[in-house]
Amino acid sequence: MNTARIVRFYSSPVSGILFALWAYLGTLLAAALAPRYLAAGGTRDIVVLVPTLTLVLVVSIIGWVYRASDEYVRRRILGCAALTGVILAFSSLGWFCLELLGYPRLSMISINLFGWSVFTVLMLSVLYRAK
Amino acid sequence: MKNILPELRAQRGWTQGDLAARLAVSRQTINAVETGRYEPSLSLAFAIAGLFARPIESIFQGQREMRRFPVAAPD
């Protein structure tokens, strides 16, 4: 494998992760707006459930990138997951304390979005430096 | 764990990217191994030794870092 092929390998997963994340965010937005604009029925149920499929796509691409990476990059990706968990634990606890002080209550989806955003940024930085 | 990877690489005029390409790993991995931030797996160490046609112990030297956990059970 030459250097150009390695650079190409790490470029396509970055594109794949970004594409899947945008698809997830787009379908999530559509699902959030669906109850307001679509009448109850099959179409609305499908639009609401589609984000679970795009999340599967995100997880699948990250899993593929993990399996296709070398040992050091794999370790860094696991480090990203651990760091994301720590950041989520502290931020959710911090917001809980702020809620007790009168700050507005947040939806569970905000934790989901925040966690995925943090993990994606950390993972993309690892993949970018692995070029 | 110390290693003489930079010296071996310099003897051949290879960059970290060249070595990474020959070992089918990322340049980041080679950099981490050379600077001692990462100890390579046995398979990668064998690949490095094979590439430079030297025994592993002549490339990697040093004591294994002792960890507090897990504690080995006494015999």
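# Exercises on a predicted two-chain model

Ala30(A) belongs to helix H1 of chain A, which covers residues 3-37. The model is predicted, and the exercises below begin from this residue.

## Exercise 1. Ala30(A) and its surroundings

Task: Determine whether Ala30(A) is buried, partly exposed or exposed, and state how far its C-alpha atom is from that of Ser107(A).

Solution.
- Step 1. Within 10 Å of Ala30(A) there are 15 other C-beta atoms.
- Step 2. A buried residue needs 20 or more such atoms, and an exposed one has 12 or fewer. Ala30(A) is therefore partly exposed.
- Step 3. Along the chain, Ala30(A) and Ser107(A) are 77 residues apart, and 16 Å separates their C-alpha atoms.

## Exercise 2. The largest nonpolar core

Task: Identify the residues of the largest nonpolar core and the helices that each supply at least two of them.

Solution.
- Step 1. The core consists of 9 residues: Tyr72(A), Val73(A), Ile77(A), Cys80(A), Phe119(A), Met123(A), Val126(A), Leu127(A) and Ala130(A).
- Step 2. At least two residues of this core come from each of helix H3 (71-100) and helix H4 (108-129) of chain A.
- Step 3. Leaving aside residues up to four places away in sequence, Met123(A) touches Ile17(A), Ile77(A) and Cys80(A).
- Step 4. Another core, of 8 residues, lies apart from the one in chain A; Ala21(B), Val25(B), Leu44(B) and Ile48(B) are among its members.
- Step 5. As background, nonpolar side chains tend to be buried together in soluble globular proteins.

## Exercise 3. Ala130(A)

Task: Locate Ala130(A) in chain A and decide whether it is buried or exposed.

Solution.
- Step 1. Ala130(A) is in the segment after H4 of chain A.
- Step 2. Because 24 other C-beta atoms lie within 10 Å, Ala130(A) is buried.
- Step 3. Pro104(A) is 26 residues from Ala130(A) in sequence, and their C-alpha atoms are 41 Å apart in space.

## Exercise 4. The plan of chain B

Task: Describe the order of elements in chain B and the share of its residues that are buried.

Solution.
- Step 1. Chain B contains 5 helices and 2 strands.
- Step 2. Read from the N terminus, these elements follow the order β-α-α-α-α-α-β.
- Step 3. Of the 75 residues in chain B, 19% are buried.
- Step 4. Taking contacts in chain B between residues at least 6 apart in sequence, 49% join residues at least 24 apart.
- Step 5. For confidence, chain B has a mean pLDDT of 88, with 87% of its residues at 70 or more.

## Exercise 5. Helices H2 and H3 of chain B

Task: Work out how H2(B) and H3(B) are oriented to each other and which residues meet between them.

Solution.
- Step 1. The two axes come within 8 Å and cross at roughly 110 degrees.
- Step 2. Angles of 65 to 115 degrees count as roughly perpendicular, and H2(B) and H3(B) are therefore roughly perpendicular to each other.
- Step 3. On the H2(B) side, Gln16(B), Gly17(B), Leu19(B) and Ala20(B) take part, and they meet Arg27(B), Thr29(B), Ile30(B) and Asn31(B) of H3(B).
- Step 4. Sorted by class, this contact has 3 nonpolar, 4 polar and 1 charged residues.
- Step 5. Leu19(B), Ala20(B) and Ala21(B) are buried residues in H2(B).

## Exercise 6. Loops and positive phi

Task: State where Ala24(B), Ser26(B) and Ala53(B) lie, and classify the burial of Ala24(B), Ser26(B) and Ala53(B).

Solution.
- Step 1. Most residues other than glycine have a negative phi.
- Step 2. Ala24(B), with a positive phi near 60 degrees, follows H2(B) and is placed in the loop between H2 and H3 of chain B. Because it has 13 C-beta neighbours inside 10 Å, Ala24(B) counts as partly exposed.
- Step 3. Ser26(B) is in the loop between H2 and H3 of chain B. Ser26(B) has 29 other C-beta atoms within 10 Å and is therefore buried.
- Step 4. Ala53(B), not a glycine, has a positive phi of about 55 degrees. Its loop joins helix H4 (42-52) and helix H5 (56-59) of chain B. With 6 other C-beta atoms within 10 Å, Ala53(B) is exposed.

## Exercise 7. The contact between the chains

Task: State how many residues each chain gives to the contact and characterise the side of chain B.

Solution.
- Step 1. Chain B gives 12 residues and chain A gives 10 residues.
- Step 2. On the side of chain B, helix H2 (16-23) and helix H3 (27-34) are the elements that give two or more residues.
- Step 3. The residues on that side of chain B comprise 7 nonpolar, 5 polar and no charged.
- Step 4. The predictor assigns the complex an ipTM of 0.77 and a pTM of 0.79.

Terms used:
Residues numbered from 1 in each chain as written. Chains lettered and ligands numbered in written order. Predicted model: local features only at pLDDT ≥ 70, side-chain atom pairs only at ≥ 80, totals over all residues. Contact = placed C-beta atoms within 7 Å. Helix = DSSP H or I, 4+ residues; strand = E, 2+ residues; numbered from the N terminus. Nonpolar A, V, L, I, M, F, W, Y, C, P; charged D, E, K, R; others polar. pLDDT = per-residue confidence, 0-100. Core = buried A, V, L, I, M, F, W, Y, C linked by C-beta atoms within 7 Å. Axes fitted to C-alpha atoms, helices over the stretch in contact; angles between N-to-C directions. Parallel < 35°, antiparallel > 145°, perpendicular 65-115°, else oblique.
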